[in-house]
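Here are a few exercises to work through with the structure open beside you. Try each task before you read its solution.

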Amino acid sequence: MTKKGLLIVLSGPSGVGKGTILKEFVNDPDLKLAYSVSMTTRKQRPGEVDGVNYHFVTREEFERARDNGELLESAEFVGNYYGTPLKEVEKLRAEGRNVLLEIEVQGCQQVREKVADALTIFIVPPSMEDLEKRIRGRNTEPEEIVQERLAKASKEMELISQYKYVVCNDDPKLAADIIRVIIKRYMAANV
């Protein structure tokens, strides 16, 4: 019988560099990771691929999935819904894969209520000033959205005690190495 995989939650404020860190370790064969693709109602950004970066859906499709209990977690952020398809997570874990979720803080709270043994990791910026530079450096959103993201980041930083681990992204390669070690230790303990 295949050992059930871990459920790993990676959270942090918008712009903290979660995607950059993920690229450093997501393909490490020793970690047996499966990246769960979230569902969202937000518009597709240039370079994003439906089914790879997100499952881009309408509000109606999302609400139907949420109301039918088809999402492990869901959240609304700056006017858009985000959520994790439950069936995909269960299938991957049953195959022995360690499922990685890159989700919002409120989504992590929902996951912790449903999956007590979830490995939760919060990524923090070196400073709020650094985070603001990163968000503005994207040049993808109007000022009002930038301000919403910064305000939300301040509130999210107050919730870091709800996570098992906190990793500072001062250097993405180092942050990725630290997360890699955390995951390997959990895998060894999950034997």
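**Exercise 1. Find the strand order and the edges of the four-stranded sheet.**

Solution. Start with the order: this open sheet of 4 strands runs β4-β3-β6-β5, and its pairing is mixed. Keep in mind that you are looking at a predicted model. Next, look for the edges. β4 (55-56) and β5 (71-77) each have a single partner strand, so one side of each is left without a neighbour in the sheet. Now step inside: strand β3 (residues 39-40) and strand β6 (residues 80-85) run antiparallel and are joined by 2 bridges. To place that pairing on residues, find Thr40, which stands opposite Tyr82 in β6. Tyr82 has ring partners as well: ring pairs link Tyr54, Phe56 and Tyr82 into a cluster.

**Exercise 2. Work out the order of the open sheet of 5 strands, and say which strands stand at its edges.**

Solution. Reading across, the order is β2-β7-β1-β8-β9, and the pairing is parallel. β2 (33-35) and β9 stand at the edges with a single partner strand each, so one side of each lacks a neighbour in the sheet. Neighbouring strands here are turned by 25° against each other on average, direction ignored. For a closer look, take strand β1 (residues 7-11) and strand β7 (residues 98-102), which pair in the parallel sense over 4 bridges. Val9 has Leu101 as its bridge partner in β7.

**Exercise 3. Which residues of helix α1 are buried, and how are they placed around the helix axis?**

Solution. First locate the helix: α1 (residues 18-25) lies across β1, β2, β7 and β8, running at about 160° to β7. Lys18, Ile21, Leu22 and Phe25 are buried in α1. Seen down the helix axis, the buried residues of α1 fall within an arc of 100°, so they line one face. A general rule helps here: an α-helix has 3.6 residues a turn, so residues three or four places apart point the same way. Finally, ask what this face meets: the buried residues of α1 pack against β1, β2, β7, β8 and α7.

**Exercise 4. Classify two of the aromatic pairs, and say which parts of the chain they link.**

Solution. The structure holds 5 aromatic pairs. Take Phe122 and Tyr163: their centres are 5.0 Å apart, with 55° between the planes, and the pair is tilted. Phe122 belongs to strand β8 (residues 119-124), while Tyr163 is in the loop between α6 (143-157) and β9 (165-168), 41 residues apart. Both Phe122 and Tyr163 are buried.

Now turn to Tyr165 and Tyr186. Their ring centres are 6.1 Å apart and the planes meet at 80°; planes over 60 degrees apart count as edge-to-face, so this pair is edge-to-face. Tyr165 lies in strand β9 and Tyr186 in helix α7 (residues 172-189), so the pair ties together parts that are 21 residues apart in sequence. Tyr165 is partly exposed, with a relative accessible area of 31%, and Tyr186 is partly exposed at 23%.

**Exercise 5. Is Glu158 buried or exposed?**

Solution. Find Glu158 in the loop between α6 and β9. Its relative accessible area is 63%, and exposed means over 50%, so Glu158 is exposed.

Conventions:
Residues are numbered from 1 along each chain as its sequence is written. This is a predicted model: local features need pLDDT of at least 70, side-chain atom pairs count only at pLDDT 80 or more; totals for chains, interfaces and linings use all residues. Side-chain values use heavy atoms; hydrogens and water are left out. Rings of Phe, Tyr and Trp (its six-membered ring) pair if their centres lie within 6.5 Å; planes under 30 degrees apart count as stacked, over 60 as edge-to-face and the rest as tilted. Buried means under 20% relative accessible area, exposed over 50%, partly exposed in between (1.4 Å probe, protein chains only). Two strands pair if DSSP finds at least two bridges between them. Axes are lines fitted to C-alpha atoms, for helices over the stretch in contact, and angles run from 0 to 180 degrees between N-to-C directions. Contact means heavy atoms within 4.5 Å. The arc is that of the directions from the helix axis to the C-beta atoms.
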